[in-house]
Amino acid sequence: MRNHWDIFCSVVDNFGDIGVCWRLARQLAAEHGLAVRLWVDGLASLNLLCPSIDPTLDQQNAAGVQICRWPDCFPETAPADVVIEAFACELPTVYLQAMSRGSSPPVWVNLEYLSAESWVEGCHALASPHPTLPLKKTFFFPGFTKSTGGLLLEKGLFEQRDAFHTTLPASERLEVSLFCYDTAPVSALLDAWIKTGQPMRCRVAPGQPLAAVTNHLGGSGPWQLGHLLIEPIPFLTQADYDRLLWSCDLNFVRGEDSFVRAQWAAVPFVWQIYRQDDEAHHIKLGAFLQRYTEALAEPESKAVRNFFLAWNQGSEQMVQHWADFSAVRPTLVRYGKNWANQLAQNELTKNLVNFCRGKL
Ligand code: TRH
């Protein structure tokens with residue numbers, strides 16, 4: 001297989017776009033021996049995920065990947081054999097033209113956002129011709145079923161997770177991590193926790209999650225509120241963030257990549273979906289809940305659905321929803337393991353490599 005891949009990533013906001021691209025780039029290099037160039041217009045965001053890079057450099061190598069600044073004025077560049085356009089970020093015109101000039105054009109793939117909606121199955125791997133150039137772009141959809149592109153999962157991750165679990169000291173309190181948007185009903189959740197009397201520690205990611213907590217509690221933390229300890233933590237590398245998720249009893253996650261990592265952690269989680277202007281996120285959330293709760297008995301399914309919806313839309317009954325969710329947590333621990341094992345059967349990077357290999 002011709003083995004040069006270019007990934008283009010435009011950082012829209014937050015960390016999901018670069019989080020997914022950085023993970024994919026490393027996996028292509030480490031597990032498939034490919035020469036990967038990652039073009040990114042927001043090196044400062046990548047620097048948070050990977051502190052060893054220097055965001056002032058135009059080119060550098062890290063984790064077997066060549067990282068290149070995606071400049072406003074894109075230079076003449078020989079295209080790679082496979083070109084991944086992440087999340088419809090639109091390739092530079094000069095690069096597209098170069099792609100169309102070769103005798104055999106590169107395999108061009110648009111990696112889409114993750115959704116559990118059923119239409120994804122019908123659109124995965126469909127191609128569309130460029131309106132003016134002799135090029136074809138394929139739409140590659142991650143997803144939760146066999147008929148989609150699957151989910152990013154590094155080789156050996158579950159073994160690492162299980163080995164890590166054996167090193168954890170027993171904890172008497174409920175360990176929680178919090179990564180959410182500032183629109184989450186954090187005040188209502190903290191009030192519900194304070195009412196329960198259950199010993200808990202909640203570790204809060206910086207940025208929007210910490211801002212939401214600080215708005216409610218004032219000061220800069222840590223906060224000890226009776227049995228509840230709330231601790232701000234720094235932004236972690238992706239590997240350390242995984243370990244945080246593995247070490248907790250419950251993880252609040254958001255967006256796309258942390259949402260998937262929480263499922264690989266195989267402990268109960270609560271997801272805050274990324275809001276879309278056209279409100280399409282309500283449908284996406286419903287589609288995921290439908291799939292995720294399908295094999296749960298009704299009381300568990302209802303508790304999960306109610307709590308996820310309360311977390312995403314707000315609720316007057318947060319205390320009750322938390323109590324119900326808390327009660328089914330032990331069942332969700334067992335359920336989460338089976339869920340993760342089932343999803344792990346369909347691994348995105350392997351699927352993507354096989355797909356492109358078939359086209360080269
Ligand atoms: O940051 P996000 O809200 O990203 C979002 C979504 O991807 C959304 O779909 C997209 O449209 C929007 O960005 C532009 O949430 P997400 O997807 O979970 O990405 C966070 C990344 O940050 C993920 O790779 C995990 C990583 N992370 C760390 O590495 N360390 C940390 O300490 C934390 C809190 C996160």
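Modeller: A polar contact is a pair of N or O atoms within 3.5 Å. Keep that cut-off in mind for the ligand. The model is predicted.

Colleague: Which residue has a side-chain N or O atom 2.5 Å from an oxygen atom of the ligand?

Modeller: Asp-257 is one such residue, with a side-chain N or O atom 2.5 Å from a ligand oxygen. That is within the 3.5 Å cut-off, so the pair qualifies as a polar contact. Tyr-181 also brings a side-chain N or O atom to 2.5 Å from a ligand oxygen. Phe-15 uses its backbone instead: a polar atom there lies 2.8 Å from an oxygen of the ligand.

Colleague: How many residues are around the ligand, and which come nearest?

Modeller: There are 22 residues around the ligand. Tyr-181, Leu-236, Glu-256, Asp-257 and Ser-258 come nearest.

Colleague: On to the domains. Where do domain 1 and domain 2 run in the domain assignment?

Modeller: Domain 1 comes in two pieces, 4–153 and 346–357. Domain 2 covers 157–343. Their C-alpha centres are 29 Å apart. Domain 1 puts 26 residues into the contact, and domain 2 puts in 25.

Colleague: How do I read the area that domain 1 and domain 2 bury between them?

Modeller: Take the total, then the atom types, then the residues. The two domains bury about 2,300 Å² between them. Carbon and sulfur atoms carry 59% of that area. On the domain 1 side, the residues that lose the most area to domain 2 are Arg-23, Phe-144 and Leu-153. Together they give 27% of what that side buries.

Colleague: What is the count of salt bridges between domain 1 and domain 2?

Modeller: A salt bridge needs a side-chain nitrogen of Lys or Arg within 4 Å of a carboxyl oxygen of Asp or Glu. Between the domains the count is 1. Asp-257 and Arg-23 form a salt bridge, with their closest N and O atoms 2.8 Å apart. Residue pairs in polar contact between the domains number 8.

Colleague: Which helices each supply at least two residues of the side of domain 1 that touches domain 2?

Modeller: α1 (16–32) and α2 (43–49) do. α1 gives the most, with 5 residues. By residue type, that side of domain 1 divides into 15 nonpolar, 6 polar and 5 charged.

Colleague: Back to Arg-23. Which other side chain meets Arg-23 in a salt bridge?

Modeller: Glu-154, at 3.0 Å from N to O. Glu-154 lies in the loop between β8 (136–140) and α5 (157–166), and Arg-23 is in helix α1, so the pair ties together parts 131 residues apart in sequence. By the 4 Å rule, the model has 16 salt bridges.

Colleague: Now the backbone. Which residues does a cis peptide bond join?

Modeller: Read omega. Between Gly-221 and Pro-222 the bond is cis, with omega about -5°. Pro-222 sits in the loop between α7 (208–217) and β11 (223–225).

Colleague: And phi? Which residue has a positive phi although it is not a glycine?

Modeller: Glu-90, with phi of about 65°. Glu-90 is placed in the loop between β5 (82–86) and α3 (93–101).

Colleague: Let me recap one residue. Asp-257 is among the residues nearest the ligand, and it forms a salt bridge with Arg-23.

Modeller: Yes. Arg-23 also meets Glu-154 in a salt bridge.

Conventions: Residues numbered from 1 in each chain as written. Predicted model: local features only at pLDDT ≥ 70, side-chain atom pairs only at ≥ 80, totals over all residues. Heavy atoms only, no water. Domains from an automatic or database assignment. Contact = heavy atoms within 4.5 Å. Buried area = accessible area lost by both parts, 1.4 Å probe. Polar contact = N/O pair within 3.5 Å; in protein donor to acceptor, adjacent residues only side chain to side chain. Helix = DSSP H or I, 4+ residues; strand = E, 2+ residues; numbered from the N terminus. Nonpolar A, V, L, I, M, F, W, Y, C, P; charged D, E, K, R; others polar. Near = heavy atom within 4 Å.
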